[in-house]
Amino acid sequence: MTEPVLLWFRRDLRLADHPALAAAARAGPLIPVFILDEETLRPLGGAARWWLHHALASLSRDLPLVLRRGRAAAVLQQLAAETGASAIYFSRGHEPGEVRQEQEVKAWAGGRGVGLHRHGGVLLHEPETITTGQGTPFKVFTPFSRAVKAAPPRPPKPKAAWTLADPQPPGDTLAQWQLLPARPNWARGFASHWQPGEAGARQRLADFLDEHVAAYARDRDVPARPATSRLSPHLHWGEISPAQIWSATHASMAAAGGLQDEGGGKFLSELIWREFCAHLLFHFPHLTDQPFRAEFANFPWTDDHAAMRRWQRAETGYPLVDAGLRELWITGTMHNRVRMIVASFLVKHLMQHWRQGEAWFWDTLVDADIASNAANWQWVAGSGADAAPFFRIFNPVLQGETFDPDGAYVRRWLPELASVANKHVHAPWTLPEAARPKHYPPPMVDHGAARARALATFKAL
DNA sequence: TGAAATGTTGGGGCG
DNA sequence: ACGCCCCAACATTTC
């Protein structure tokens, strides 16, 4: 009888195109385990916990999971002792905490005859394989993107067949982990927007490629339209692999005979942005807490709790900003263009440290991702790699008029603006006082003044 | 994957 | 017919 092997699930909660699962299944009967490790890893935000609950529930309908909680290295050591497992199979992670987990696992497994088998699949390419001519990591997106497009992608593989070990070791129940919010159940609205799990991810990709990719280049910046893929939370938890998306998108473009080339290319470019963020964080682990550009180390951020609170509660008085923050609270996501605008507003109009915004997004986004979150907040703040220059300050009114010209997006999330005419819907304070919506606040800062203050602060740096 | 200020150009009104 | 001015439209520069 072959010894069982541990299959350690991490952010790879799928069965198809799973190299570690395929290798483990060839090696012996499986003991699939998921470890809730909030000691080595950053504790999850609320929205991510909701997602994880449903993703684990979905995966365990097809493959029973042993659920354990604690420090990954200690849990795996304990499980190996309990079960006599001879090897551990897992997908490589690239966040600082995931790297630490792997170092700790390696440290005890090394001399004890337990084989460690680390596989790819989380990214399109491992961070060591995409480098500049000098062999250094890329810090600029465009040449990084060129290098990714030139590298042969790993072809996705179908689901492997496996055998389960019998018996399986005991584990927690999902309910014991209490990942779902209660009192109040602020995630009440999430279920109508999302279907966590591998099947939901596959469905989302198929819908996007069938219905939306052709118009993606044109419509992706219009937040009222359902033009984006909404795959990010599925990608974050590995319910679908970037290789699957890459391959399916190319296949779809080929089948469409050129009609989807522009949209497909833009979409793949967004997938490469995700890859870029992950590579950046891997090579520069301090991206999460230090400005990538050192000159920002002494930037005089203000620490205004009241302003932060108004921003979080969607009471800034700028409709596009408030609509985005309200969409975030209600659905656990926010349209990408609106993310840039609310982030710019927090960092530049309110002068709050980008890490405060990052923390809010971490807690409220179902797609919260350490690499994308840190890299993109730094991008907006101007302190990041290949970042937007600091003086690029979004005007929420102009952005609204350009990308939400009929106000459909702001009215969807701010019903108090329902009866405001298009001409004023992005700037209700321009209405005569008597005609202004009763339950919507005036702007908390004047755009011109806030812009001037941010520019003066930056200049003094 | 900006916005605002400043510069340039060219058509049209007008004396 | 001509010069002058205004100003929209577009381009460039600056923040």
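**Figure 1. Phe9 faces Phe34 across a pair of parallel strands.** In this predicted model, Phe9 stands opposite Phe34 of strand E2. The strands involved are E1 (residues 5-9) and E2 (residues 30-36). They pair in the parallel sense. Five bridges link E1 and E2.

**Figure 2. Five strands form an open sheet.** The strand order is E3-E2-E1-E4-E5, and the pairing is parallel. Strand E3 (66-69) and strand E5 (115-119) stand at the edges. Each has a single partner strand, so one side of each is left without a neighbour in the sheet. On average, neighbouring strands are turned by 25 degrees against each other, direction ignored.

**Figure 3. Helix H1 lies across the sheet strands E1, E2, E4 and E5.** H1 covers residues 19-27. Strand E4 spans 87-91. The helix runs at about 160 degrees to E4. Asp17 is placed in the loop between E1 and H1. Its phi is near 45 degrees, a positive value in a residue other than glycine. Asp17 counts as buried because it has 23 C-beta neighbours inside 10 Å, where 20 or more are required.

**Figure 4. Domain 2 meets domain 3.** Chain A is divided into domain 1 (5-122), domain 2 (123-154 + 199-283) and domain 3 (294-460). The C-alpha centres of domain 2 and domain 3 lie 26 Å apart. The contact takes 17 residues from domain 2 and 21 residues from domain 3. On the domain 2 side, helix H9 (232-236) and helix H11 (261-283) are the elements that give two or more residues. H11 provides the largest share of that side, five residues. By class, the domain 2 side has ten nonpolar, three polar and four charged residues.

**Figure 5. Arg220 is a buried residue in a loop.** The loop runs between helix H8 (216-219) and H9. Arg220 counts as buried because 21 other C-beta atoms lie within 10 Å. Leaving aside neighbours within four places in sequence, Arg220 is in contact with Ala227, Thr228 and Lys266. Tyr440 is 220 residues from Arg220 along the chain. The C-alpha atoms of Arg220 and Tyr440 are separated by 28 Å.

**Figure 6. Two cis peptide bonds precede prolines.** One joins Asp166 and Pro167, with omega about 5 degrees. Pro167 is found in the loop between helix H5 (141-150) and helix H6 (174-177). Another joins Arg183 and Pro184, with omega about -5 degrees. Pro184 lies in the loop between H6 and helix H7 (198-212).

**Figure 7. Ala314 has a positive phi.** The value is about 60 degrees, although Ala314 is not a glycine. Ala314 sits in the loop between helix H12 (305-312) and helix H13 (319-331). Ala314 is buried, because 23 other C-beta atoms lie within 10 Å.

**Figure 8. Protein residues surround DNA strand B.** The residues around this strand are Phe141, Trp273, Ala388, Phe391, Arg392, Ile393, Phe394, Asn395, Leu398 and Gln399. By class, the surface near DNA strand B has seven nonpolar residues, two polar and one charged.

Methods
Residues numbered from 1 in each chain as written. Chains lettered and ligands numbered in written order. Predicted model: local features only at pLDDT ≥ 70, side-chain atom pairs only at ≥ 80, totals over all residues. Near = placed C-beta within 6 Å. Nonpolar A, V, L, I, M, F, W, Y, C, P; charged D, E, K, R; others polar. Domains from an automatic or database assignment. Contact = placed C-beta atoms within 7 Å. Helix = DSSP H or I, 4+ residues; strand = E, 2+ residues; numbered from the N terminus. Pairing = 2+ DSSP bridges. Axes fitted to C-alpha atoms, helices over the stretch in contact; angles between N-to-C directions. Buried ≥ 20, exposed ≤ 12 C-beta atoms within 10 Å, placed from the backbone.
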